[in-house]
Structure formats: structure tokens, C-alpha cells
Amino acid sequence: FKANSAILNALLTLLNEREFDNGPTRERTPLVSVVGASNEVPGEEALLAFFDRFLVRVPVAGVGEASFGALLTLAPAAAPAVEPVSSQELRGWLAARESVVLGADSIEALHALRRAAAAQGIVVSDRRWRQLVGLLRSAAFLEGRTQVEPLDLWLVPYVIAAQPAQVPALQDWFVREVAQAEPQ
């Protein structure tokens with residue numbers, strides 16, 4: 001797959017600025033989130049810039065042999081009806097999450113994570129660190145908490161891993177260093 005620079009620029013403008021070019025005019029869009037899927041991590045620099053805009057990246061394995069028959073006979077399910085969130089509600093939630101405190105223990109854990117990532121050769125941009133903090137604050141806020149707890153860092157492997165193969169080592173780091181647990 002070769003990146004089409006015009007399409008990528010349009011998508012990056014949509015993701016970064018919440019605007020798109022509709023003929024000769026640029027229009028604002030009410031974009032709240034974007035979900036995507038890919039069979040591989042892109043290698044081309046232009047595609048990597050687009051890929052980097054997806055904050056949470058969860059690798060998903062294919063269906064195993066034991067579940068393959070169930071996959072083939074799976075009945076289609078109707079999507080549940082969901083009450084949409086209003087723009088006003090969303091703005092209120094985003095403002096409220098900023099009051100969620102990133103405590104000293106969470107900051108210390110993030111420092112340790114940064115060192116662990118660097119030791120594994122994982123480069124994380126300052127922008128991605130800031131977005132991760134926003135995600136951690138959102139998680140705490142949505143659970144009714146006023147402070148990010150170190151256990152919220154279970155999300156970090158899916159945010160800072162540049163490649164799916166890096167996720168298990170980051171998960172191990174979380175279990176060992178933050179959860180302070182050992183496999184039984």
C-alpha cells in the first residue's frame with residue numbers, strides 16, 4: 001500500500017484540526033473520536049504520522065482453532081441502542097477531567113515507565129505522553145475518582161507501544177513494577 005499524500009493530508013487535517021476541505025471551502029466537523037483497524041503497522045513515514053494519531057492501539061490475535069467453528073456460525077447481532085452524548089456534556093466532561101490530579105505516585109510510575117520504554121528502544125513523543133495523561137485522567141474521572149491511581153497505568157502498553165510485539169514486555173513491566181504482582 002502506497003500512501004496517497006493528498007488523502008493522508010486530508011485525514012491528518014481532519015484528525016488534528018477537526019476540519020476538512022469540501023471543495024473550495026474548509027469546514028469544521030463535530031469529530032469526537034476515530035476508530036480504525038489495520039493488519040500491520042505502517043512502515044512508510046507519511047503513514048506512520050497518521051498511525052501515530054491513534055492514541056490507543058490494541059493488538060488483536062485472530063480466532064484460534066478451538067473457536068473457529070463458532071466464528072463461522074456466529075449470528076449477526078444488532079448494535080445496542082445508545083443515547084448519544086451531547087456536545088455540551090462532552091465539553092463538561094473534558095473540563096471536569098482536567099481537575100483530576102496526577103498524584104506523585106503516578107508521576108513516579110510514569111518516570112519509571114519512561115526509563116523502561118527507553119531501555120527497550122521505544123521512543124514516545126511528548127505529545128503522546130500528554131495524551132496518555134489525558135486518557136488516565138479520563139479513566140479516573142469516569143470512575144468517579146479525583147486522582148489518577150498507579151493501577152490506571154494498565155492502559156500504557158496500548159498507548160506507548162510502537163509495535164504490537166512491544167506490548168507484552170510493557171504489560172510485564174506494569175504487572176511487576178506497578179501492580180507488584182508475580183505470576184502464580
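Student: Buried means under 20% relative accessible area, exposed over 50% and partly exposed in between, with a 1.4 Å probe and protein chains only. Which of these is Ala-169?

Tutor: Ala-169 comes out partly exposed, because its relative accessible area is 31%. This is a predicted model, where local features need pLDDT of at least 70 and side-chain atom pairs count only at pLDDT 80 or more, while totals for chains, interfaces and linings use all residues. Residues are numbered from 1 along each chain as its sequence is written, and side-chain values use heavy atoms, leaving out hydrogens and water.

Student: OK, and where does Ala-169 sit?

Tutor: In helix α8, residues 167-178. Helices here are DSSP runs of H or I with at least four residues, strands are E runs of at least two, and both are numbered from the N terminus. The C-alpha of Ala-169 is 8.7 Å from that of Gln-120, although 49 residues separate the two along the chain.

Student: How about Ile-122, buried or exposed?

Tutor: Ile-122 counts as buried because its relative accessibility is 5%. It's in the loop between α5 and α6.

Student: What's Ile-122 touching, then?

Tutor: Skipping neighbours within four places in sequence, Ile-122 contacts Ala-117, Ile-160, Gln-166 and Leu-170. Contact means heavy atoms within 4.5 Å. Phe-68 is another matter: its C-alpha is 35 Å from that of Ile-122, with their positions 54 residues apart along the chain.

Student: Zooming out, how many helices and strands are there?

Tutor: Eight helices and four strands. Starting at the N terminus, the order reads α-β-β-α-α-α-β-α-α-β-α-α. Along the principal axes, the C-alpha atoms fill a box of roughly 55 × 50 × 40 Å. Of the 184 residues, 28% are buried. If you take contacts between residues at least 6 apart in sequence, 61% link residues at least 24 apart.

Student: Start of the chain next. Why does the span of α1 look right?

Tutor: Helix α1 covers residues 5-17, and its 13 residues should span 18 Å at 1.5 Å a residue; the end C-alpha atoms are 17 Å apart, so that agrees. The expected span is 1.5 Å times one less than the number of residues.

Student: And which residues of α1 are buried?

Tutor: Leu-8, Leu-12, Thr-13 and Leu-15. Their cover includes β1, β2 and α2. After α1 comes Arg-18, with a positive phi near 60 degrees.

Student: In what sense do β1 and β2 pair?

Tutor: Antiparallel, over four bridges, with β1 at residues 19-22 and β2 at 25-28. Strands are said to pair if DSSP finds at least two bridges between them. Phe-20 faces Glu-27 of β2 across the pair. The two strands make a hairpin with two residues in between, and Gly-23 in the turn has a positive phi of about 70 degrees.

Student: Switching to α6, how far does that one reach?

Tutor: It reaches 24 Å from first C-alpha to last, over 17 residues (126-142), close to the expected 24 Å. Just past its end, Gly-144 has a positive phi of about 80 degrees.

Student: What's buried in α6, and what covers it?

Tutor: Arg-128, Trp-129, Leu-132, Val-133, Gly-134, Leu-136, Arg-137, Ser-138 and Ala-140 are the buried ones. Covering them are, among others, helices α2 (45-51), α4 (87-97), α5 (104-119) and α7 (157-160), plus strands β3 (101-102) and β4 (147-148).
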